Amino acid sequence: MEGGCHCKAIKFSVNKDPFWVGACYCIDCRKISGAPYTVFAGYNKEDVVVKGNTQIYSSSGKVDRSFCGICSSPFAYIYKDSPDKLFVPIGIFDDPSNFKIQEHIWVSQKLPWIIIHDDLPQK
């Protein structure tokens, strides 16, 4: 699968299926994305080939977020204690239609008008 930022300065491809796909409802993801929640696909860093330079924003003591320095599109969420893993927002893939959410996280912070219509795990 391939994808990239809005201005195409960053392009990437993955050569394996993600080890995790989840919807995050935390306030940090809302603020960073401007959306009520973000769906991420988790990959081992070695399985993601990136062309272009990402910028890093340390959004907390535990998390770095990378993004395009030109168009500001988000690229990845990285736990500082697991820098070998990347959590890529599925919206930056060229065709994210085949991703299937496995769980919902930070549902305690979801907006009250968001209704989860599945029986997937909620954390």
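Let's begin with a sheet of three strands, which is open and follows the order β1-β2-β5, with the strands pairing antiparallel. At its edges sit β1, covering residues 2-4, and β5, covering residues 48-51, and each of these pairs on one side only. On average, neighbouring strands here are turned by 20 degrees against each other, if you ignore direction. Keep in mind as you look around that this is a predicted model.

What holds strands in a sheet together? Strands pair through backbone hydrogen bonds, and they can do this either parallel or antiparallel. Now zoom in on one pairing in our sheet: β1 and β2, the strand made of residues 11-14, run antiparallel and are joined by three bridges. If you want a spot to find by eye, look for Gly4, which stands opposite Lys11 in β2.

Next, let's turn to charged side chains. How many salt bridges does the count come to? The answer is four. One of them is formed by the side chains of Asp47 and Lys16, with 3.9 Å from N to O. Asp47 lies in the loop between β4 (38-44) and β5, while Lys16 lies in the loop between β2 and β3 (20-24), so this pair ties together parts that are 31 residues apart in sequence. Are the two partners buried or exposed? Asp47 is buried, at a relative accessible area of 7%, whereas Lys16 is partly exposed, at 47%.

Another salt bridge brings together the side chains of Lys123 and Glu103, at 3.2 Å from N to O. This pair also links distant parts of the chain: Glu103 is in strand β10 (103-105), Lys123 is in the segment after β10, and they are 20 residues apart. Here Lys123 counts as exposed, with 61% relative accessibility, but Glu103 counts as buried, with 12%.

A further salt bridge joins Asp84 and Lys85 through their side chains, at 3.9 Å from N to O. Both partners can be checked in the same way: Asp84 is partly exposed, with a relative accessible area of 43%, and Lys85 is partly exposed too, with 26%.

Now for a charged residue without such a partner. Arg65 is found in strand β7, which spans residues 63-68. Arg65 is buried and yet has no salt bridge. Why not? The nearest side chain of opposite charge belongs to Asp28 and is 4.7 Å away, and a salt bridge needs the nitrogen and the carboxyl oxygen to be within 4 Å, so this pair doesn't make the cut. Still, the side chain of Arg65 does make a polar contact, at 3.0 Å, with the side chain of Ser59.

Finally, have a look at the cysteines. How many disulfides does the structure hold? It holds zero. Take Cys5: the closest cysteine sulfur to its own is the one in Cys7, at 3.7 Å, and that is too far for a bond. Seen from the other side, Cys7 has its closest cysteine sulfur in Cys5. A disulfide calls for two cysteine sulfur atoms within 2.5 Å, which is why the pair isn't counted as one. The surroundings of the two residues can be compared as well: Cys5 counts as buried, at 10% relative accessibility, while Cys7 is partly exposed, with a relative accessible area of 33%.

Definitions and conventions: Residues numbered from 1 in each chain as written. Predicted model: local features only at pLDDT ≥ 70, side-chain atom pairs only at ≥ 80, totals over all residues. Heavy atoms only, no water. Pairing = 2+ DSSP bridges. Helix = DSSP H or I, 4+ residues; strand = E, 2+ residues; numbered from the N terminus. Axes fitted to C-alpha atoms, helices over the stretch in contact; angles between N-to-C directions. Buried < 20%, exposed > 50% of the residue type's maximum accessible area, 1.4 Å probe, protein only. Lys, Arg positive; Asp, Glu negative; His and termini not counted. Polar contact = N/O pair within 3.5 Å; in protein donor to acceptor, adjacent residues only side chain to side chain.
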